[in-house]
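Biologist: Could we go through this model together, beginning with the chains and then turning to the empty spaces?

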There are 2 protein chains.
Amino acid sequence: MEFKLNFDINEKIYLRNPESSEIGKLMIKKAIDLICELGFEQFTFKKLALEINSTEATIYRYFENKHRILLYILNWYWCFMDFLFTVKLENISNDREKLKLIIKLLSNEFLDNLYHNEYNKIYLNKIVIAESSKAYLVKDIIEINKNEVFKPYKDLSGKIADVISLYNPNYKFPRSLSTTLIETSHNQQFFSMYLPKLTDDIHHNGSEFTRSFLEDFVFKILD
Amino acid sequence: MEFKLNFDINEKIYLRNPESSEIGKLMIKKAIDLICELGFEQFTFKKLALEINSTEATIYRYFENKHRILLYILNWYWCFMDFLFTVKLENISNDREKLKLIIKLLSNEFLDNLYHNEYNKIYLNKIVIAESSKAYLVKDIIEINKNEVFKPYKDLSGKIADVISLYNPNYKFPRSLSTTLIETSHNQQFFSMYLPKLTDDIHHNGSEFTRSFLEDFVFKILD
DNA sequence: TTCAAATAATAGTAATACTATCAAAAATAA
DNA sequence: TTATTTTTGATAGTATTACTATTATTTGAA
């Protein structure tokens with residue numbers, strides 16, 4: 001049995017909700033494929049239009065620009081991760097185990113085929129690793145942030161910070177440690193793939209290496 | 001007395017060495033100002049040409065594209081940091097003090113007016129924080145990396161890793177910890193400026209906060 | 001079935017990311 | 001100093017991107 005996951009993505013990200021039509025859903029699906037394949041810089045609405053047998057004009061009715069599509073995809077991912085955290089952590093009472101599981105999820109061992117096969121999760125993952133920082137490293141970050149488009153990321157980071165504080169109430173930097181975990185999981189996976197000299201991943205097993213690095217440092221910090 | 005710092009930047013980054021002419025030097029100087037002011041995405045050769053009272057064609061004779069200018073600037077910065085590390089660490093025998101100083105330098109407390117006032121170091125710093133990941137988060141990273149354009153970054157990271165290993169020879173992830181320090185120093189400073197909820201920097205003093213977070217982080221991991 | 005909404009097809013504009021040409025100016029070598 | 005090479009400035013041009021606008025057609029909901 002499969003479930004259809006649906007998240008309420010912040011309305012300010014889109015002009016028309018892509019979930020509200022078939023072409024809208026196809027748009028997101030193919031955008032994930034294309035951004036993964038071409039990289040965000042080379043990704044254009046024209047190429048996406050071609051892919052979905054439609055026109056640029058149609059896409060522009062859904063999204064102001066390609067940055068908004070990236071935000072939409074990342075928001076969906078963050079909501080998905082939040083959902084995964086909720087589901088997978090609820091039965092676990094031990095805070096140490098919770099942290100271990102969080103790190104496992106951040107290192108992308110969630111790629112099981114449970115839930116929702118609408119979007120290609122492997123592609124989604126590559127996008128998160130290689131493109132997610134481009135969502136916030138923009139000149140108009142202040143304006144964009146006013147629309148709460150980073151709320152799902154902040155919520156997710158907040159949840160991890162809560163577990164950190166539960167595990168060690170005396171630790172002074174739960175939020176910063178939380179974002180460091182998230183961002184470092186992306187960085188180390190990227191580096192181990194493309195710039196391995198920047199890591200200690202001698203066996204080239206990216207996500208497994210990242211997991212062990214993150215687990216080691218989190219517990220050294222919190223114990 | 002002031003010194004003129006000169007680093008040998010990898011020849012594959014440029015078509016013609018900007019250090020070899022007045023207009024070339026002005027090009028880099030103004031590129032730093034413009035990238036800082038407009039952000040890398042909005043920065044164009046046309047705008048830079050206008051700024052240096054020249055033409056796009058002239059700039060294209062020095063650099064293939066704007067990504068190469070970014071790489072040039074970052075290479076200069078990494079060489080500069082390497083130089084700073086060498087100079088400031090040579091008198092220090094205590095490895096713990098060395099690590100502390102490294103963290104201080106990574107948190108941008110190097111903005112003294114010693115050495116070289118050619119480039120605006122405050123701007124340079126903002127570029128490193130907000131734009132440096134765009135140098136490697138590109139689709140053609142594999143091709144680009146073949147030209148050794150990230151060597152200064154790898155060397156710098158390697159030096160930090162060496163100090164880490166000297167301080168604690170049993171620690172298993174010196175390189176990954178080193179890059180995590182570098183990248184986290186950028187992230188936390190950016191977040192504390194624009195997305196403060198992602199940090200614990202309640203007093204909004206960016207680089208001082210980053211220093212204390214990283215120092216706590218490193219010594220809990222290594223002690 | 002009728003009517004509003006969404007889409008496709010097409011056109012067009014301003015800006016970007018280049019490439020090419022050639023004359024003028026500057027640097028350098030004889 | 002003049003001659004020669006190199007670099008620059010001025011100009012032009014192309015393909016692509018990032019949009020906006022218009023209208024005819026299709027779809028779908030009342």
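Modeller: What follows covers the two chains, then the cavities, then the largest pocket.

Modeller: This is a predicted model, in which local features need pLDDT of at least 70, side-chain atom pairs count only at pLDDT 80 or more, and totals for chains, interfaces and linings use all residues. Residues are numbered from 1 along each chain as its sequence is written, chains are lettered from A and ligands numbered from 1 in the order in which they are written, and side-chain values use heavy atoms, with hydrogens and water left out.

Biologist: What turn lays chain A on chain B?

Modeller: A turn of 180 degrees with a shift of 0.0 Å along the axis lays chain A on chain B with an RMSD of 0.1 Å (a least-squares superposition on the C-alpha atoms of residues with pLDDT of at least 70 in both). The two copies are thus related as by a two-fold rotation axis.

Biologist: And through which surface do the copies meet?

Modeller: They meet through the same surface, because 100% of the interface residues of chain A are also interface residues in chain B. Contact here means heavy atoms within 4.5 Å.

Biologist: New topic: how many cavities of 30 Å³ or more are there?

Modeller: The search of the whole structure finds three. On a 1 Å grid over the protein atoms alone, a cavity is a set of points where a 1.4 Å probe fits but cannot get out, a pocket is an open set with protein on both sides within 12 Å along at least five of seven lines, and lining residues have an atom within 4 Å of a point. Points are joined across faces, edges and corners, and a volume is the space filled by probe spheres set on them.

Biologist: How much space lies in the largest cavity, and which residues lie nearest its centre?

Modeller: The largest cavity holds about 200 Å³. Of its 20 lining residues, Ser133(A), Asn187(A), Ser133(B), Tyr136(B) and Asn187(B) lie nearest the centre.

Biologist: What about the second largest cavity?

Modeller: Its volume is about 70 Å³, and its lining includes Tyr77(B), Trp78(B) and His186(B).

Biologist: Finally, what is the volume of the largest pocket, and which residues lie nearest its centre?

Modeller: The largest pocket has a volume of about 830 Å³. It is lined by 30 residues, with Phe40(A), Glu41(A), Lys66(A), Phe40(B) and Glu41(B) nearest its centre.
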